[in-house]
Amino acid sequence: MHVLPEQTPALIRLRDYRAPAWRVETVELDFDLGIEATELSARLLLRRDASQNLPLRLDGENLQLLSIALDGVPLPATAYRYTGNVLEVDGARDGSVLETRVRLRPAANTALEGLYLSGSHETGFLLTQCEAEGFRHITFFPDRPDVQSRYSVTLRADRARFPVLLAGGNPDGSGELEGGRHWARFVDPHPKPSYLFALVAGRLEKIERDYVTADGRAVQLKIWAEADAIGRCGYAMDALERSMRWDEQAYGRNYDLDVFHVVATHDFNMGAMENKGLNIFNAKCLLADPDSTTDDEYRHVEAVVAHEYFHNWSGNRVTCRDWFQLSLKEGLTVFREQSFSADMNSAPLKRIEDVSLLRRAQFPEDAGPLAHPVRPAQYSEINNFYTATVYEKGSELVRMLAGALGRAGFRRGMDLYFERNDGHAATLEDFLGALGDANGTDLMPYLAWYGQAGTPRLKAHGRYDAVRQEYTLTLAQHAPGTAGAEPRPALPIPVKLALFDRDGGMLPLHLDGQTSEGITELVVVLAQVEQRFVFGNVASSPVPSLLRGFSAPVILECDYTPGELALLLGHDVDGFNRWEAGQQLAARAYEDLRDGASADALQAWCAALALLFDSHGIDDALLADLLTPPGEVELAERETAIDPQHIHHLRQRLQLRLAERLGAEALHQRYLALAAHTTIDMDATSQARRRLKRRVLELLNLLDRARAGELAAAQYHDAPGMTDRLAALTVLLRGQAPQAASALLDYRTRYADNALALDKWFAVQAQIPDEDAPERVLMLERDPGFTLKNPNRVQALLGAFVRGNPSGFHRIDGAGYRLLAERLIALDALNPQVAARLATAFNGWQRLESQRRGAARAAIAELAGHHGLSRNLAEIIGGVLN
Ligand code: PHE
Ligand code: ZN
């Protein structure tokens, strides 16, 4: 089948890149702010590239042009043309000054791109979002990241309605105006691309802290939020300070302005935004207090605060030449943030969390029709490329480079990268070039990773020769989707490995005759399609531990026996690989259950976990993760005709077997022991206890609903904080406990005025994996708290349903698909970015079993035939159908 959306939008291609014909040296912006109407004047000092003889063309998206003048002379209508997207001006020269005045309608802006209103007309505030191409919704400009300019911004507004006026850069004066109005000016000394421009105006409160950078600059840190939220900003302030110190120590990077503003909003399309000197955060990534924030969310806040702060160097001081290089800033910054989080918390747990996310979000993306390289070759709508591939896989690529260079070498490379490219718009070649040059090595072979989509497969096969005491490891790589396609270059794949003897001890490694005393772990790089590595002096047949720490983003295929995986699960000292062995074993057990095959893997898995459960030598949080089999999305990746409801039931059976093996009594006793320590403390031990307590209660709930229901009901009411409360509520709902209804009602009332907590009330219900899931979503849509206008609420209900509830969404009659398709049409008219992101839930429908596939196809085809879809949604729907 081939259904094309209405209009096939033009593609932008990497290979068509041209340097800008016109640059802007300085920008002066002067805003008269109002909720219904805002007017602004822009004064651009233009620089022309003499080698390109092109007329002045500026981006400008449906702007209401009030006046235009060139070099002080108002232009007659014959001297410019405006198409609604592009403004062309005659007569501009190098050094010309263009002045325009436009009127904007912030309150009518539901797309949340450009200048918009957060909250109500009466009490809300104004803010901007410019990445990737929002600045052209504000004024006429060459809106591309390789045009870097110095900004001076003046804001004027009614003082009572807009007491706080903020823009990026350093403050440069403020004062009173007639008629109860006031003004404030900000000057940014650092040239920046337009996507980093930001302003905020309204009634906001702040918390402040003084900070002195390692190189001696006094900086005021200010976090702003509405009055009801300012009390929940303290944790973010601490996280910000930790991030700033860490970047000084780990990368030698100091902050470079006198103030650093952070603002929280409930109306935001993404997580947060790194605008220079004025970061803007989705409230859910900034606010935290024990009563409404879970432990996982606390760690997320810390990570996002760090991420946006780190962008000040990886993104702002060194920015991207074009949007194809997006991973240059995002992959790198995710990697920096992951390293920071690993240092602040538990490194193995962080690695488990990150790899789980990669497998849940990025692997399926990379295996379906929306797959794209970390550096895409083309796009129609850039907002559709803020993907798990660009972010998460991009980070994995940086991790491989960092691993190849070692700690000191990577630091040397990063120093050179920042030094060479400071103030410039760079490419991935610049990045690999600097890392390589600083270390006298060539990293360009890694560029191949950036140019090809799909998750490579790594086949490993070991052979032991008892006579020669040799162990030969054969590694082979296989790129996906290569049948019939052009042959692809072999990728460099770093494989960190160790060898274990059958008692779980690590063997010394003697690779290819080299004797390296006392080495028990090393990295081999597979640089060809297939390679052999021979280890000598191996006294007995070993068990290899491969890809330790997940040293490359590949799918490993290795012919382990269940006993070998159990050995690694029991003994591997690499916390990540220990968990990974358990995941592999659980996946085998799952497949055996499905196929009615032998129970060897299941028994090995349960026995190894039972041992770990009883031994007290293991961290509670790691144990909780070990007791959790791969998720339904990951399991589905192993199937060809996917039946998500069947997968759900099989996974439940798998967990039931584990619970039976551990035993109701033991689970109950462990629960009580953990519950005896219930606190609200945020230290690692307390968080780990809560995590294990939740897991134990979930397992008990599979065995003995009545008993677990009572424990959960008590836990719900006595919970000192959100982690325990939400865990209890989830268990009550999953077990269909009689106490569930009253707990739900209690929660709804308790958090009626707390948007972030209320989001979780929607999400937890949207994820109940039963037959009534679509109807439950319809019912929840009628709750007065539901609205399609707030992206967080849409994510909480619809996002949680389509992503967090595979068996409910994929109900065999197609009700889930029709529901999603209908909502996408309504949502697209309000907010195309959010609609397009939600629509990616249709990705992978081709691999569903036939009845669901037919229902999904019908829903998507009908959507594709709808008139007037946004470019965002049309690109996703068109892609998904392919
Ligand atoms: N650049 C933001 C980040 O840190 C993400 C973002 C993209 C936010 C586009 C808003 C719009 O990752
Ligand atoms: Zn980012």
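Angles between helix axes under 35 degrees count as roughly parallel, over 145 as roughly antiparallel, 65 to 115 as roughly perpendicular and the rest as oblique. The model in these views is predicted.

**Figure 1. Helix 25 meets helix 26 at an angle of about 140°.**
Helix 25 spans residues 850–864, and helix 26 spans residues 871–881. Their axes lie 10 Å apart. An angle of about 140° falls outside the roughly parallel, antiparallel and perpendicular ranges, so it counts as oblique. Helix 25 and helix 26 are therefore oblique to each other. The crossing is left-handed. Helix 25 brings I860, L863 and A864 to the contact. Helix 26 answers with I877, V880 and L881. By class, this contact of helix 25 with helix 26 has six nonpolar residues, with no polar and no charged ones.

**Figure 2. Helix 9 crosses helix 10 with a left-handed turn.**
Residues 575–595 form helix 9, and residues 600–614 form helix 10. The two pack at about 140°, with 7 Å between their axes. That angle makes helix 9 oblique to helix 10. On the helix 9 side, the contact is made by G582, L585, A586, R588, A589, D592 and L593. On the helix 10 side stand A601, L602, A604 and W605. The residues of this contact of helix 9 with helix 10 divide into eight nonpolar, one polar and two charged.

**Figure 3. Helix 8 packs on helix 10 at an angle of about 15°.**
Helix 8 is formed by residues 562–571, and its axis lies 9 Å from that of helix 10. Helix 8 and helix 10 are therefore roughly parallel. The crossing of helix 8 and helix 10 is right-handed. Helix 8 offers P562, G563, L565, A566, L569 and G570. These meet D600, A601, A604, A607, A608 and L611 in helix 10. The contact of helix 8 with helix 10 has nine nonpolar residues, two polar and one charged.

**Figure 4. A shell of residues surrounds ligand 1.**
The shell includes Q129, E131 and A132. M270, A272, M273 and E274 are also among its residues. H307, E308, E330 and Y386 also belong to the shell. Strand 20 (272–273) and helix 2 (295–310) each supply at least two of these residues. By class, the shell around ligand 1 divides into five nonpolar, two polar and four charged residues.

**Figure 5. A cis peptide bond joins E131 and A132.**
Omega of this bond is about -5°. Most peptide bonds are trans. A132 sits in the loop between strand 11 (125–129) and strand 12 (148–158). Both E131 and A132 are among the residues around ligand 1.

**Figure 6. D71 has a positive phi.**
Phi of D71 is near 50°. Most residues other than glycine have a negative phi. D71 is in the loop between strand 5 (64–70) and strand 6 (73–74).

**Figure 7. Three segments carry UniProt domain annotations.**
An unreviewed UniProt entry places "domain: Aminopeptidase N-like N-terminal" at residues 108–196. Over residues 108–196 the chain is 51% strand and 0% helix. The C-alpha atoms at the ends of residues 108–196 are 23 Å apart. UniProt, in an unreviewed entry, gives residues 235–443 the annotation "domain: Peptidase M1 membrane alanine aminopeptidase". Residues 235–443 are 56% helix and 10% strand, with end C-alpha atoms 39 Å apart. For residues 564–879, the unreviewed UniProt entry lists "domain: Peptidase M1 alanyl aminopeptidase C-terminal". Residues 564–879 are 73% helix and 0% strand, and 42 Å separates the end C-alpha atoms.

Methods
Residues are numbered from 1 along each chain as its sequence is written. Chains are lettered from A and ligands numbered from 1 in the order in which they are written. This is a predicted model: local features need pLDDT of at least 70, side-chain atom pairs count only at pLDDT 80 or more; totals for chains, interfaces and linings use all residues. A residue is near a molecule or strand if its C-beta atom, placed from the backbone, lies within 6 Å of it. Helices (H or I, at least four residues) and strands (E, at least two) are DSSP runs, numbered from the N terminus. Ala, Val, Leu, Ile, Met, Phe, Trp, Tyr, Cys and Pro count as nonpolar, Asp, Glu, Lys and Arg as charged, and the others, Gly among them, as polar. UniProt positions are given in the numbering used here, feature names are shortened, and annotations may be inferred rather than shown by experiment. Axes are lines fitted to C-alpha atoms, for helices over the stretch in contact, and angles run from 0 to 180 degrees between N-to-C directions. A crossing is left-handed if the near helix is turned anticlockwise from the far one by less than a right angle, and right-handed if clockwise. Two residues are in contact if their C-beta atoms, placed from the backbone, lie within 7 Å.
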